[in-house]
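Visitor: Please show me the model, and let me ask how each label attached to it is justified.

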Amino acid sequence: MTKRDRIVGKDRLDSLRLGFWTVFSGLLIALLAVIAYVRYTQGLGAVTHLSDTFPWGLWIGFDLLCGVGLAAGGFAVTATVHILHLKDFKPIVRPTVLTAFLGYILVITALLLDLGRPWNIWHPIIMWNPHSVMFEVGWCVMLYTTVLSLEFAPVVLERFKLDWMLKLLKPVTPILVIMGVILSTLHQSSLGSLFLILPEKMHPLWYTPILPVLFFVSALAAGIAMTVVESWFSRRVFGKPIETHLLSRLSKVSVIILALYLTLRLRDLAVRGALSTIWPLTRVSLMFLAEIGIGVAVPMVLLAFDRFRQSPKRLAFAQGLVVLGFIFHRLNVSITSVEAATGHRYVPSFLEFLVSAGLVAVGMWVFVLACRYLPVFPEEPAATEGATESRGTSQASLPVSKPVTAFDRT
Amino acid sequence: MAHRGILVDVTKCIGCGACVQGCQKWNEHPAHEAKRLDEQTYTFLMDRGNDVYVRRLCMHCEQPSCASACPVSALYKSKEGPVLYDPSKCLGCRYCMLACPFGVPTYEWHSAVPRVRKCQMCSHRGAAGPACAEVCPTGATITGDRDELLAEARKRVVGDPKAYYQWVYGAKEAGGTDVFFIGPKNPAALGLPRVEVDGPLPDLTWNALKHVPDVVLFGGVFLGGMFWLTKRKEEVARAKHDEKGQDRG
């Protein structure tokens, strides 16, 4: 009973929260439009602190590198369900694919702002340079966004009851999923390969020939972490019950991936003799220690405990640390290590921060809207409509115990 | 000329700045005091003390990182030697700027239609060659066939060990360049960028990129196989389950 009361109260809160978010996001979009106008008329220098020695800044380090990495849950979970046929995980496929799809859309949006000549963004289609990592990155973005839109399409098609199109899509799903995994593997690792050409411009704590491998493994960890965090977020916003045991099982996999990552990372540093650069402690080595300690070691240990994994809140906290550590790594690779090696400082401008934060806010807002109006959580249609309609009338449609049965059914 | 190069002999430079002025004139940049490479400065002079002046300019690598980094080959190594730029292809990703170990390419940060800017060895002057070499009054900067210039540089260095530090900057750096520096002190003391990697930098990314076809092929086979295997397993399990159900019924 108390649980139910809490959820009714939450529902009311939700409508308020959505109102706030709508206004807030609306304002942000307007601000983004103004910044975009200045950027497109007066150049990148008018809104960013980029320079000839620091041609890549926050928009590449955060929006692009992290946006793509945090979308990695998409290929990990779809592969688990559609390739390994572990159908238990089916309930989290759609929200994860939605996150990945939105992630890629936001990456492209950020690219349109960051590229100097965005109207030429399609050039890699006809002007080839297979020796360029950026060429591979460009193709991966194009192809994987297409695959993701097709993977997410059934949700939209279901909503509008376009059954004949659904029938067309169904048989190609495994092929799409396999393509998605291959493209993601290439894309995640190639973002690391981008930095292989900078041996002179990066600190030895981050420059390593195995960057592509590190980028791939850490993206896997971050993708799963995002899946857990976003399930928790969905519960907070929609009162969607979480399949705690599913998230707990996923988090067990996280422990293995984090252990693999930590081993790779430390082994590589030791082999290259770079560990000695940690002492004496400087701002740079502290960034490294924070990244490895708070972002990898601590969550790995926490998640290893069965009892710790029982509570969704704690799961979300530990996986939140993984996400944080991941963001730390990408920013350290693209900014801290370059600062350390070149001796030039780069502090993003306020407007750069605003754009990055704004894009994240818009992404979350679209996520909430999509969850509200599309069957993203397909097992319980009552909840989708219930969220808007149930306040006065129905206690019956409250999504309290349903998903458990939904899970049992499969 | 088969393959153009530039030789800068620091011992002959008197710091008059004619090369800088010539460069600005022929590239239609407003005359200005040049202190660093930027969108209107393709070359400038560093005063290293004791009457030692060192130019900076694009090194025109034999295997340029910038050209290998460019996704659309807007930057490319021309047959004649210079590394050239075609702004109509460029999408403005600025990976070239990051990739260059010498910190050469610069950007028009305050333009709505920005271009990457750097020395193109006055390719627009055709056979006349780089303006900086033409206007140099002392022969500190000369131009000619790359291989001949490299031989000349080595001859000068070896021939006068007292005047020259025994190193030709550009012979090995980043896998070899078309611009060479010789001078009285080591390259670091002359203020030239330290580039320790001997081989061409594009090899570093190619080592990763060359695995792409394998990831696609073997990844495809592996994933397809996993799909087939687990699907079969699932079907068997389901059939067994159904059988049991029938038995009970």
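Visitor: Which residues of α12(A) are buried?

Guide: The buried residues of α12(A) are E352(A), V355(A), S356(A), L359(A), F367(A), V368(A) and C371(A), where buried requires 20 or more other C-beta atoms, placed from the backbone, within 10 Å of a residue's own (exposed is 12 or fewer, partly exposed in between). This is a predicted model, in which local features need pLDDT of at least 70 and side-chain atom pairs count only at pLDDT 80 or more, while totals for chains, interfaces and linings use all residues. Residues are numbered from 1 along each chain as its sequence is written, and chains are lettered from A and ligands numbered from 1 in the order in which they are written.

Visitor: How do you know that the span of α12(A) agrees with its 24 residues?

Guide: The expected span is 1.5 Å times one less than the number of residues, so the 24 residues of α12(A) should span 34 Å, and the end C-alpha atoms are indeed 34 Å apart. Chain A as a whole has 14 helices and 0 strands, these being DSSP runs numbered from the N terminus (helices H or I of at least four residues, strands E of at least two).

Visitor: Why are α2(A) and α12(A) called roughly parallel?

Guide: The axes of α2 (residues 58-70) and α12 (residues 350-373) of chain A come within 10 Å and cross at roughly 10 degrees, with axes fitted to C-alpha atoms over the stretch in contact and angles running from 0 to 180 degrees between N-to-C directions. Roughly parallel covers angles under 35 degrees, and α2(A) and α12(A) therefore qualify. Their contact, which asks for C-beta atoms within 7 Å, is made by L58(A), W59(A), F62(A) and D63(A) of α2(A) and by E352(A), F353(A), V355(A), S356(A) and L359(A) of α12(A).

Visitor: What makes E108(B) buried?

Guide: E108(B) has 20 C-beta neighbours inside 10 Å and therefore counts as buried. E108(B) is found in the loop between β6 and β7 (116-117) of chain B, and, leaving out residues up to four places away in sequence, E108(B) touches G43(A), E39(B), P114(B), R115(B) and R117(B). From E108(B) to Q40(B) there are 68 residues in sequence and 9.0 Å in space, C-alpha to C-alpha.

Visitor: Why is H85(A) described as partly exposed?

Guide: H85(A) has 17 other C-beta atoms within 10 Å and so falls in the partly exposed class. H85(A) sits in the loop between α3 (73-83) and α4 (93-114) of chain A, where its phi is positive, about 55 degrees, although H85(A) is not a glycine.

Visitor: Is A174(B) buried or exposed?

Guide: A174(B) has 25 C-beta neighbours inside 10 Å, and therefore counts as buried. A174(B) lies in the loop between α5 (146-159) and β9 (179-182) of chain B, and has a positive phi of about 50 degrees although it is not a glycine.

Visitor: What makes the peptide bond from W279(A) to P280(A) stand out?

Guide: The bond is cis, with omega near -5 degrees, and P280(A) is found in the loop between α9 (244-271) and α10 (283-304) of chain A.

Visitor: How many residues does the contact take from chain B and from chain A?

Guide: The contact takes 51 residues from chain B and 44 residues from chain A. On the side of chain B that touches chain A, α8(B) gives the most, with 12 residues.

Methods: Two residues are in contact if their C-beta atoms, placed from the backbone, lie within 7 Å. Angles under 35 degrees count as roughly parallel, over 145 as roughly antiparallel, 65 to 115 as roughly perpendicular and the rest as oblique.
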